[in-house]
Amino acid sequence: MTTASDFPDTAAPVAGESTPASDRKPAAAPAAELPRPVIWTLPDLLLVGLVVVLALAAAVSTAQRYRHRALVDRLTEDLKLSAAGFRAHIQETSTAPADTVAGLAPSGMGDHLKGVNWKLPTPVGGFYRWTNIPMTETGQVLPPGGTISVTAFSRDTELNLTRDDLLELDRRLDDGNLQTGNFRTGFNGWPVLTVRPQP
């Protein structure tokens with residue numbers, strides 16, 4: 001005889017019924033790999049530091065070149081203005097101003113040297129100086145004139161011009177040759193611009 005204990009507690013599924021969900025959880029997806037932390041080694045840090053230092057040095061050098069070029073430009077303009085002023089004075093008076101010491105504009109040149117302060121150092125150091133050229137030199141009668149020079153006898157006003165700067169000045173003011181023409185190098189290689197009245 002069959003008893004209730006012969007039957008299992010769970011009922012067999014009836015057709016059309018779905019099987020109850022299993023208590024088992026689905027398998028978890030593999031965890032995404034986290035990026036490895038970047039570890040800087042000493043050689044890496046030294047290389048980065050070197051690149052930064054070189055970039056800064058290049059930037060500073062470029063800025064200094066631009067600044068120096070601007071100072072040479074100002075010197076060029078000062079010399080052009082001064083030469084034009086002395087020419088105007090010579091044409092008006094038929095004489096050139098008397099010599100002066102460095103850093104002092106010749107007497108009577110105030111109106112002709114507007115825009116150039118001879119009492120201050122030039123843009124590249126040193127001071128302007130006017131020297132009268134005698135009208136008779138080695139027996140030859142010359143038109144009145146003189147020279148504008150930049151002198152730097154004081155260490156406080158050291159002249160900051162390279163040979164390339166002087167050649168550039170010569171190209172802008174004269175013939176591009178420091179051995180010929182009106183713009184040359186004089187004592188200590190300092191620049192000298194000869195001024196004569198316009199022909």
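This report covers two helices, a four-stranded sheet and selected residues in a predicted model.

## Helix H1

Helix H1 covers residues 42–93. H1 has 52 residues. From its first C-alpha to its last, H1 reaches 76 Å. That is close to the 76 Å expected at 1.5 Å a residue.

Ser94 comes just after H1. Ser94 sits in the loop between H1 and S1. Its phi is positive, about 65°, although Ser94 is not a glycine.

## Packing of H1 and H2

Two packed helices are described by the angle between their axes and the distance between the axes. Helix H2 spans residues 163–173. H1 and H2 pack at an angle of about 40°. Their axes are 11 Å apart. Angles of 35 to 65 degrees fall outside the roughly parallel and roughly perpendicular classes, and H1 and H2 are therefore oblique to each other. The crossing of H1 past H2 is right-handed.

On the H1 side, the contact is made by His68, Arg69, Val72, Asp73, Leu75, Thr76, Leu79 and Lys80. On the H2 side, Asp165, Glu168, Leu169, Arg172 and Leu173 meet them. The residues of this contact divide into five nonpolar, two polar and six charged.

## The sheet

Four strands form an open sheet. Their order is S1-S4-S6-S5, and the pairing is antiparallel. Strand S1 (127–133) and strand S5 (183–185) stand at the edges. Each has a single partner strand, so one side of each is left without a neighbour in the sheet. Neighbouring strands are turned by 25° against each other on average, direction ignored.

S5 and strand S6 (residues 191–195) run antiparallel and are joined by three bridges. Asn188 lies in the loop between these two strands, S5 and S6. Asn188 is not a glycine, yet its phi is positive, about 60°.

## Helices across the sheet

H1 lies across S1, strand S4 (145–151), S5 and S6. H1 runs at about 155° to S4. H2 lies across S5 and S6. H2 runs at about 160° to S5. Strands S5 and S6 thus appear under both helices: H1 lies across them, and H2 lies across them.

## Val192 in strand S6

Val192 lies in strand S6. Arg184 stands opposite Val192. Leaving aside neighbours within four places in sequence, Val192 is in contact with Thr147, Ile148, Ser149, Asn182, Phe183, Arg184 and Gly186.

Val192 and Tyr128 are 64 residues apart in sequence. In space they are 9.7 Å apart, C-alpha to C-alpha.

Technical notes: Residues are numbered from 1 along each chain as its sequence is written. This is a predicted model: local features need pLDDT of at least 70, side-chain atom pairs count only at pLDDT 80 or more; totals for chains, interfaces and linings use all residues. Side-chain values use heavy atoms; hydrogens and water are left out. Axes are lines fitted to C-alpha atoms, for helices over the stretch in contact, and angles run from 0 to 180 degrees between N-to-C directions. Angles under 35 degrees count as roughly parallel, over 145 as roughly antiparallel, 65 to 115 as roughly perpendicular and the rest as oblique. A crossing is left-handed if the near helix is turned anticlockwise from the far one by less than a right angle, and right-handed if clockwise. Contact means heavy atoms within 4.5 Å. Ala, Val, Leu, Ile, Met, Phe, Trp, Tyr, Cys and Pro count as nonpolar, Asp, Glu, Lys and Arg as charged, and the others, Gly among them, as polar. The expected span of a helix is 1.5 Å times one less than its number of residues. Two strands pair if DSSP finds at least two bridges between them.
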